[in-house]
Amino acid sequence: SRKGLYRHIKELAPNIKGRTLDVGCGSKPYQDLYESSEYIGLEFNTPENRRIKNADFFYDGEIFPFTEEEFDSVVANEVFEHVFNPDNFLDEINRILKKDGKLFMTIPFVWDEHEQPFDYARYSSYGIKATLEKHGFEILEQRKSVDDIRVIFQLMNLYILNKLRTKSGVLNQLMILVLIAPLNIFGSLINLILPSNSELYLDNIILARKV
């Protein structure tokens, strides 16, 4: 999943320029891929986020602490499924983006529940397109990441990880070596001979423009 996301983000990153806001920035893992003149991270305001997230600003989950049309681009990687009020979230992105500003999003489609209890939705390719258009965005490019047999192997790995993970780092590393790594290798090899499947995939990759 990470490899698939990285490939698509790297290919589309040159579209993200100027003053950029990373909503739900986490550790800003993809910052160096973008061609931004200024890169600002925004996170939901919690004590834990203030302790571990690499954010420049924190907000209340409703109103972004910025004025209208302040940014040339916005990125939101693996964040939208954690947004309880998606209409308000997209309206805020629209508000702080300049006209013709770019929005770059990655959103899971097939994935287990995570960061519970703050996991609220999954979006099909049609659902996310309609949602963005409803809020004043034009889709420039839409992709599906890992749309092949590797989806099945990723889900098997998640099952193993969730059921067998322990508090022991040594045992967890052993589990990865003995169970998860062989599944990854086998999935990658069998993927070389099997066709893709555009109806079953891990992540939506969206590049849109504010109209």
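Q: A polar contact is a pair of N or O atoms within 3.5 Å, and residues adjacent in sequence count only if both atoms are side-chain atoms; what makes the pair H82 and E81 qualify in this predicted model?
A: The contact joins the side chains of H82 and E81 at 3.2 Å, so the distance falls within the cut-off of 3.5 Å and the side-chain condition is met as well. The side chain of H82 makes a further polar contact, with the side chain of H114, also at 3.2 Å.

Q: Why is H82 called buried?
A: Its relative accessible area is 18%, and because buried means under 20%, H82 falls in that class. H82 lies in the loop between β4 and α3 (86-96).

Q: Which residues does H82 touch, not counting those up to four places away in sequence?
A: H82 touches H114, E115, F118, D119 and Y120, where touching requires heavy atoms within 4.5 Å. As for Q116, H82 is 34 residues away from it in sequence, while the C-alpha atoms of H82 and Q116 are 9.3 Å apart in space.

Q: What makes β3 and β6 the edge strands of the sheet?
A: Seven strands form an open sheet of mixed pairing, in the order β3-β2-β1-β4-β5-β7-β6, and β3 (57-59) and β6 (137-145) each pair on one side only. From one strand to the next, the twist averages 20°.

Q: How do you know that β6 and β7 pair?
A: Pairing asks for at least two bridges, and eight bridges join β6 to β7 (residues 203-210), so the condition is met; the two strands run antiparallel. Among the bridge partners, R143 is matched in β7 by I205.

Q: Which helices pack on or lie across this part of the sheet, and at what angles to β6?
A: Helix α1 (residues 2-12) packs on the sheet, touching β4 (71-77), β5 (97-108), β6 and β7, and its direction makes about 145° with that of β6. Helix α4 (residues 125-134) lies across β5, β6 and β7, running at about 160° to β6.

Q: How do you know whether the length of α5 agrees or disagrees with the expected span?
A: Helix α5 (residues 150-164) has 15 residues, and at 1.5 Å a residue, taken over one less than that number, it should span 21 Å. The end C-alpha atoms of α5 are 21 Å apart, so the value agrees with the expectation.

Q: Which residues of α5 are buried, and what helps to cover them?
A: V151, F153, Q154, N157, L158 and I160 are buried, and what covers the buried residues of α5 includes α6 (169-191).

Conventions
Residues numbered from 1 in each chain as written. Predicted model: local features only at pLDDT ≥ 70, side-chain atom pairs only at ≥ 80, totals over all residues. Heavy atoms only, no water. Helix = DSSP H or I, 4+ residues; strand = E, 2+ residues; numbered from the N terminus. Axes fitted to C-alpha atoms, helices over the stretch in contact; angles between N-to-C directions. Buried < 20%, exposed > 50% of the residue type's maximum accessible area, 1.4 Å probe, protein only. Polar contact = N/O pair within 3.5 Å; in protein donor to acceptor, adjacent residues only side chain to side chain.
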